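Trainee: I have a structure open and some labels I'd like to understand. Can we go through how each one is earned?

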Amino acid sequence: MDTKICSLDVCKPTSGNIGCPPNGVVSAIHGSVSPTVFNSPEATLGRHLARRLVQIGVNDVFSVPGDFNLTLLDHLLAEPGLNLIGCCNELNAGYAADGYARSRGVGACVVTFTVGGLSVLNAIAGAYSENLPLICIVGGPNSNDYGTNRILHHTIGLPDFSQELRCFQTITCYQAVVNNLEDAHELIDTAISTSLKESKPVYISISCNLPAIPHPTFSCEPVPFSLSPKLSNKLGLEAAVEAAAEFLNKAVKPVLVGGPKLRVAKACEQFVELADTSGYALAVMPSAKGLVPEQHPHFIGTYWGAVSTAFCAEIVESADAYLFAGPIFNDYSSVGYSLLLKKEKAIIVQPDRVVIANGPTFGCVLMRDFLRELAKRIKRNATAYENYNRIFVPEGKPLKSAPQEPLRVNVMFQHIQKMLSSETAVIAETGDSWFNCQKLKLPEGCGYEFQMQYGSIGWSVGATLGYAQAVPEKRVIACIGDGSFQVTAQDVSTMLRCGQKTIIFLINNGGYTIEVEIHDGPYNVIKNWNYTGFVEAIHNGEGKCWTAKVHTEEELIKAIETATGPKKDSLCFIEVIVHKDDTSKELLEWGSRVSAANSRPPNPQ
């Protein structure tokens, strides 16, 4: 049977450079699948769900077993092309699905009712904040128990089973409770398609007694599955382009700044095309790093207010017009609301809306359509970039270390920079790694991810697991602080089970350094672990694993040589011992400004 099914294409940049990670555009692909006979083992709810996951590009599902989801897991395991990865806890399963979605365009996790569902909530909320399509599947109570006033285990002891559902309603864009077979097909397909269209997580609860039961709606698989494309309002698009072109063409030194919603708008390629055509200086917000090729001839770095790349803020904030594509202005990205931007100079382009200065707003205008059409109307103006070239002074290098001098963080990242290539990807944990990794110059094809909007410490361990599983051809380099690592460390075990070859730099400075710079106190000091010993205990002789503890630059160089040489096919864990006060200058500046924003007194009543 020939049919059309939904898939995700990679959003590729112009001229082969980095563009959107493979979160790309939804489109139809052709597949040839034999019809499924009713009452066959393949005509069940469980197999239908499994096939749908494979069809949208999910080949790995992250799970924690529980008695309400065990039968469903059997049917996911039976599906060719679907790999079930057991995680140590639900939080990490959710983080892994998040990391997977950043690379593949969609991710999935499976947990059990309430005790599993409430454990995964934090990860799902993070995916929601980062606009990631994620299918969160929960094994629910037996369908016969609904409405019976019975009290079940794994609940809070009330006969109302809706507590978990109510918790998910604010952090998912669609919720499906499947407790009968008649509408299961529709609910599952609607949930999956909504996740892809909205680029947000969805919640699917499936009663534990239903996955193994055949039903006629699953008998002729796959039923055609497609997404209706979003379209711009033609008149609105024309008006928005005309107004924006007039605004920008009058400017003396306009600039472009890319934001994180370029990913959800699937407009990375069109943004780069506009940069090519316009000649404007090109910057990115910190959470958009990796979405725009840093090899672009007019790229000037990261715009992050007072902690921007050298000379970038001066060019952006002195411009007489700036176009921000997909920005998120929060207290972190604005460095405590201290950006020197003026609304009357700005064009703000969101995924489906354009706002020009203090003037008109144009709705139902897709970002990718707007940027593509604007590129045809814009006059070339390289003034801002020429000004940048005039004032630019190459950055210096860290002071050379004395022999056996204790290792400094800036020296460590100088060596990490040399490791990057098109065959690597960087995962930056919440903390000082945000700032140090932001300064890395990404080669063509090098991936980059961090979680800025939600900023949940510990995210990177699960996200590294998921990202590495999605792109096994890349070697992931994860930079994780000791405090964050203690939150989610267990799933290094899962990385080993999956045979991943990630390099983890564990930065041991004895505490929550980012919190210290915002507001210090004894609660920011943590119990020190023997981190290499911990990983070796997890390794336990199973899988390929190599660890090292380094105190000096000489030891770091040797460890990197080993990790990229003899141990290149192993998971490598390098614990880096640094001084507790060794931070980037950007964190010092950012922390003081965020602290000031947090400590503002109440407004007068």
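Mentor: Sure, and let's begin with a cut-off: helix axes at an angle under 35 degrees count as roughly parallel. Keep in mind that this is a predicted model.

Trainee: What makes H1 and H6 roughly parallel to each other?

Mentor: The axes of helix H1 (residues 45–55) and helix H6 (residues 184–198) cross at roughly 20° and come within 11 Å. That angle is under 35 degrees, so H1 and H6 are roughly parallel to each other. As for handedness, H1 passes H6 in a right-handed crossing.

Trainee: Which residues make the contact of H1 and H6?

Mentor: From H1 you have Leu45, His48, Leu49 and Arg52, and from H6 there are Ala184, His185, Ile188, Asp189 and Ile192. By class, the contact of H1 with H6 holds 5 nonpolar, 2 polar and 2 charged residues.

Trainee: What about H3 and H4, at what angle do their axes cross?

Mentor: Roughly 20°, with the axes of H3 and helix H4 (residues 117–129) coming within 7 Å. Set that against the limit of 35 degrees, and H3 is therefore roughly parallel to H4. The crossing of H3 past H4 is right-handed. On the H3 side, Glu90, Leu91, Gly94, Tyr95 and Asp98 meet Ser119, Val120, Asn122, Ala123, Gly126 and Ala127 of H4. Those residues split into 5 nonpolar, 4 polar and 2 charged.

Trainee: Why is H3 called oblique to H15?

Mentor: The axes of helix H3 (residues 90–104) and helix H15 (residues 459–470) cross at roughly 45°, coming within 6 Å. Roughly parallel needs an angle under 35 degrees, and roughly perpendicular runs from 65 to 115. The value of roughly 45° fits neither range, so H3 is oblique to H15. H3 passes H15 in a right-handed crossing.

Trainee: And which residues of H3 meet H15?

Mentor: Asn92, Tyr95, Ala96, Asp98, Gly99, Tyr100, Arg102, Ser103 and Arg104 do; their partners in H15 are Trp459, Gly462, Ala463, Leu465, Gly466, Tyr467, Gln469 and Ala470. Sorted by class, the H3 contact with H15 gives 8 nonpolar, 6 polar and 3 charged residues.

Trainee: Zooming out, how do you know that the chain agrees with a compact globule?

Mentor: For 605 residues, a compact globule would have a radius of gyration near 25 Å; the protein chain has 25 Å, so the two agree. Along the principal axes, its C-alpha atoms fill a box of roughly 75 × 65 × 60 Å. The chain has 21 helices and 21 strands.

Trainee: Where is the pLDDT below 50?

Mentor: The protein chain averages 91, and 92% of the residues score at least 70. Residues 1–37, though, are below 50, and this stretch has 116 contacts in the model beyond near neighbours in sequence. Where pLDDT is low, predicted coordinates shouldn't be read in detail.

Key: Residues numbered from 1 in each chain as written. Predicted model: local features only at pLDDT ≥ 70, side-chain atom pairs only at ≥ 80, totals over all residues. Heavy atoms only, no water. Axes fitted to C-alpha atoms, helices over the stretch in contact; angles between N-to-C directions. Helix = DSSP H or I, 4+ residues; strand = E, 2+ residues; numbered from the N terminus. Parallel < 35°, antiparallel > 145°, perpendicular 65-115°, else oblique. Left-handed = near helix turned anticlockwise from the far one by under 90°. Contact = heavy atoms within 4.5 Å. Nonpolar A, V, L, I, M, F, W, Y, C, P; charged D, E, K, R; others polar. pLDDT = per-residue confidence, 0-100. Rg over C-alpha atoms; globule rule 2.2 N^0.38 Å.
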